[in-house]
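Trainee: I am new to this model and would like a close look at one part of it. Please start with the overall layout and then go into the detail.

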Amino acid sequence: MPVNESLTNERDMELVAFSVAGLKHCLEIRKILEIRRWSAVTALPHAPTDVLGVMNLRGAVIPIYDLAARFGLGKTEPNERNVVIVCAVGGKSIGLLVEAVSEILTIKNEEIQPTPDVQSAATKDCIFGVISIEEEMARVINLDFVVTVSASEAA
């Protein structure tokens, strides 16, 4: 049985690989609406530390999350090399600030290995498992648990 039946029932899936705090992560391509260059956001008072602010995306105001801060890996200092991955979560659009997108991977569902039980409950929900990319391990993100979006947070 595959590690993650909720990702897809298909044998092959496409993942987008990107770096967060110098570590490789992946996200299922079906969750991604677009990938944009970093541009300044409008800060919100009293927002959580992992929420950088909001961005106007073709008339829709979307929250932008610092994925490194969300994972407890320190804050990302945004610069022109960073990108925002715009994703669909719970029927809403959100943006994830990452260092860079590196590649699109096609893998078999059974290639996702379970993460060890040494992780916290929060990490266990956020990460489906890990895959090998060349000589590096990449974390496969469960976006639905990484960002819980309420109607008031996203457009």
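In what order do the elements of the chain run from the N terminus on? After that, please take me through the surroundings of E34 in strand 3.

Mentor: This is a predicted model, in which local features need pLDDT of at least 70 and side-chain atom pairs count only at pLDDT 80 or more, while totals for chains, interfaces and linings use all residues. Residues are numbered from 1 along each chain as its sequence is written, and side-chain values use heavy atoms, with hydrogens and water left out.

From the N terminus on, the order is β-β-β-β-β-α-β-β-β-α-β-β-α. That comes to three helices and 10 strands; helices (H or I, at least four residues) and strands (E, at least two) are DSSP runs numbered from the N terminus. Of the 155 residues in the chain, 44% are buried, where buried means under 20% relative accessible area, exposed over 50%, and partly exposed in between (1.4 Å probe, protein chains only). Among contacts (heavy atoms within 4.5 Å) with a separation of 6 or more, 58% are between residues 24 or more positions apart.

Now to the sheet that holds strand 3. It is an open sheet of five strands in the order 3-6-7-5-4, with mixed pairing; two strands pair if DSSP finds at least two bridges between them. Strand 3 (32–37) and strand 4 (51–57) are at the edges with a single partner strand each, so each has one side without a neighbour in the sheet. On average, neighbouring strands of this sheet are turned by 30° against each other, direction ignored; the axes behind such angles are lines fitted to C-alpha atoms, for helices over the stretch in contact, and angles run from 0 to 180 degrees between N-to-C directions. In general, strands of a sheet pair through backbone hydrogen bonds, either parallel or antiparallel. Strand 3 and strand 6 (residues 83–89) run antiparallel and are joined by five bridges. E34 has V86 of strand 6 as its bridge partner.

The side chain of E34 takes part in salt bridges, each being a side-chain nitrogen of Lys or Arg within 4 Å of a carboxyl oxygen of Asp or Glu. One is with R36, whose closest N and O atoms to E34 are 3.4 Å apart. R36 has a relative accessible area of 25% and is partly exposed. Another joins E34 to R58, at 2.3 Å from N to O. This pair links distant parts of the chain, since R58 is in the loop between strand 4 and strand 5, 24 residues from E34 in strand 3. R58 has 66% relative accessibility and therefore counts as exposed. Through shared partners, E34, R36 and R58 form one network of salt bridges.

The whole structure has seven salt bridges. Another of them is between K108 and D12, 3.3 Å from N to O. K108 lies in strand 8 (residues 100–108) and D12 in strand 1 (residues 12–20), so this pair ties together parts 96 residues apart in sequence. Both residues are partly exposed, K108 at 33% relative accessibility and D12 at 38%.

For a contrast in burial, take I62 in strand 5 (residues 60–66). I62 counts as buried because its relative accessibility is 1%. I62 and S93 are 31 residues apart in sequence and 6.2 Å apart in space, C-alpha to C-alpha.
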